[in-house]
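Here is a walk through one chain, strand by strand and then out to a few individual residues. Keep the viewer open as you read.

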Amino acid sequence: MTKKIGITETVLRDAHQSLIATRMPIGDMTPILGKLDQVGFHSLECWGGATFDACLRFLDEDPWDRLRTIRKMCPNTKLQMLFRGQNMLGYRHYADDVLEYFVQRSVANGIDIIRIFDALNDIKNLKVAIKAAKKEGAHAQVAICYTTGPVFTTDYYVEYAKRIADAGADSICIKDMAALLTPYATSELVTALKKAVDLPIQLHTHYTSGLASMCLLKGIEAGADLIDTAMSPLALGTSHAPTESMVAALQGTPYDTGLDLKLLNEIREYFMGLRKKYFESGLLDQSMLATNTKALVYQVPGGMLSNLLSQLKQAGKADRMDEVLQEVPRVRKDAGYPPLVTPTSQIVGAQAVFNVITGQRYRMCTREFKDLIAGKYGTTPVPIDDAFAKSIIGDRERITCRPADLLKPELETLRQECAQWMEQEEDVLSYAQFPQVAKEFFQKRAEKKYGIDAAHANTAQQIHPV
């Protein structure tokens, strides 16, 4: 049977998020967008995830302008984004009216495929996003956050996939953010999912543990329809399998991608120049390219490893990294075995650091950890022990419904709060997710355009009304 495999190229989002903390500016992308558009990729993953935050916080870029630029320069290729369900691109749950408006504006500005996931694999947190994407005519792909632990059997994933299909998803992605998949586990899982649901299956796995290419190949042989890869200069390590290598591996087989290796190699040369630039600037750390099998032991994503080390260095406790890595699985177990992906990876990681540094487990708890235990992020894969929950949140009532059901519509309130800054309707969505960071960005934008400071920023609206 001949089956052409589609490739989602991640070099414009997840590859640089994984290797250089999402610091690739749009100016480094524009010279190569035309050639990327010629390749014939299934999609270009170019937006969402941490790109939105990084644009505003570190790159002095409007993320909406970035999306519009890529859309204009890539008219022939579907554009894809990563979306955290009810968390959108921020770190809390948002009211449904804000989520629906964000999806509407994302599609209006150029997004074709929205990959939606929930950090707890809680279907309640996905349904509104799926409906919103389909209402706007976008492809709603739902990602299963893959992890390991006592509850995470093939049957667990099959049952979740069935709920995803029932919720109206157009396709399913196996999202292996921590590089925990092994080749034969991949084959077993893909085979089971293809039998259980009549939806395309996409495979997303990181190279951290050194197994990604083998997992992709076994997944393809088991029936996967699509795979995620990255152009080789920004592949491997905590990134993805190299695009060119996978295209070459499948060439002349029933799974041939049909992509032109010569064109891909021209694109490779461009990104090799960027790789050199990032090495010289210190953005790309050699260690991020190394295989790290600790991921298989501690279930810790590559990006989380660097965050943990950074937190310990700030506390002057870098020598206690191994203790923290041993504490992470214990905290995860106490917290109901959440998959470690944004935001749960940060929540569990920060609590593990506190437990080690203070010398007494849970003597200090972050607000986010308390919220996780209280059910504010949704239902955990394994129920949290009642006695443990009480020790963390006292008599605070635990949430058992969909957390967003407790939120009042907030879009109009957010519009009022940032009215003085708004120059485009999307600004309210930037503000909704990162209020302080967005305000600082809006202030800089006003100063650049109108030569005014924050105190007079409302003049900008008079000059350039929404």
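## Around strand β7

Strand β7, helix α9 (residues 212–221) and strand β8 together form a right-handed β-α-β unit. This is a predicted model, so take everything below as computed from that prediction. β7 and β8 (residues 226–229) run parallel and are joined by 2 bridges. To find the pairing on screen, start at L203, whose bridge partner in β8 is I227.

How much of β7 is buried? The strand spans residues 201–205, and 5 of its 5 residues are buried. In a regular strand, side chains alternate between the two faces of the sheet. On β7, I201, L203 and T205 sit on one side, with Q202 and H204 on the other, and both faces are covered.

## From β6 to β7

Strand β6 (residues 171–176) also runs parallel to β7, and 5 bridges join the two. The chain gets from β6 to β7 by way of helix α8 (residues 183–196), in a right-handed β-α-β crossover. For a spot to look at in this pairing, try I172, which stands opposite I201 of β7.

## Strand β5 and its partners

Strand β5 covers residues 139–145, and 6 of its 7 residues are buried, so the rest of the structure largely encloses it. Which strands does β5 pair with? One is β4 (residues 113–116), which runs parallel to β5 and is joined to it by 4 bridges. Here R115 stands opposite Q141 in β5. β4, helix α6 (residues 127–135) and β5 make up a right-handed β-α-β unit.

Another partner is β6, again parallel, with 5 bridges to β5. In this pairing A143 has C173 of β6 as its bridge partner. The route from β5 to β6 goes through helix α7 (residues 154–166), and that β-α-β crossover is right-handed.

## The cavity

How many cavities of 30 Å³ or more does the structure hold? There is 1, and the largest cavity has about 40 Å³ of space in it.

Its lining is made up of N87, H93, D118, A119, L120, P343 and Y377. Sorted by class, that lining has 4 nonpolar, 2 polar and 1 charged residues. If you want to see the cavity in your viewer, select those lining residues, D118 and Y377 among them.

## Two residues to click on

S345 belongs to helix α15 (residues 344–358). Is S345 buried or exposed? Its relative accessibility is 7%, so S345 counts as buried, given that the cut-off for buried is under 20%. Setting aside neighbours within four places in sequence, S345 is in contact with M304 and L340.

L283 sits in the loop between α11 (261–281) and α12 (294–298). With a relative accessible area of 34%, L283 is partly exposed. Which residues does L283 touch, not counting residues up to four places away in sequence? They are L19, I20, R23 and Y278. There is also a distance to check with T22: its C-alpha atom and that of L283 are separated by 9.8 Å, while the two residues are 261 residues apart along the chain.

Methods: Residues are numbered from 1 along each chain as its sequence is written. This is a predicted model: local features need pLDDT of at least 70, side-chain atom pairs count only at pLDDT 80 or more; totals for chains, interfaces and linings use all residues. Side-chain values use heavy atoms; hydrogens and water are left out. Buried means under 20% relative accessible area, exposed over 50%, partly exposed in between (1.4 Å probe, protein chains only). Two strands pair if DSSP finds at least two bridges between them. A crossover is right-handed if, with the strands pointing away from the viewer, the path from the first strand over the helix to the second runs clockwise. On a 1 Å grid over the protein atoms alone, a cavity is a set of points where a 1.4 Å probe fits but cannot get out, and a pocket is an open set with protein on both sides within 12 Å along at least five of seven lines; lining residues have an atom within 4 Å of a point. Grid points are joined across faces, edges and corners, and a volume is the space filled by probe spheres set on the points. Ala, Val, Leu, Ile, Met, Phe, Trp, Tyr, Cys and Pro count as nonpolar, Asp, Glu, Lys and Arg as charged, and the others, Gly among them, as polar. Contact means heavy atoms within 4.5 Å.
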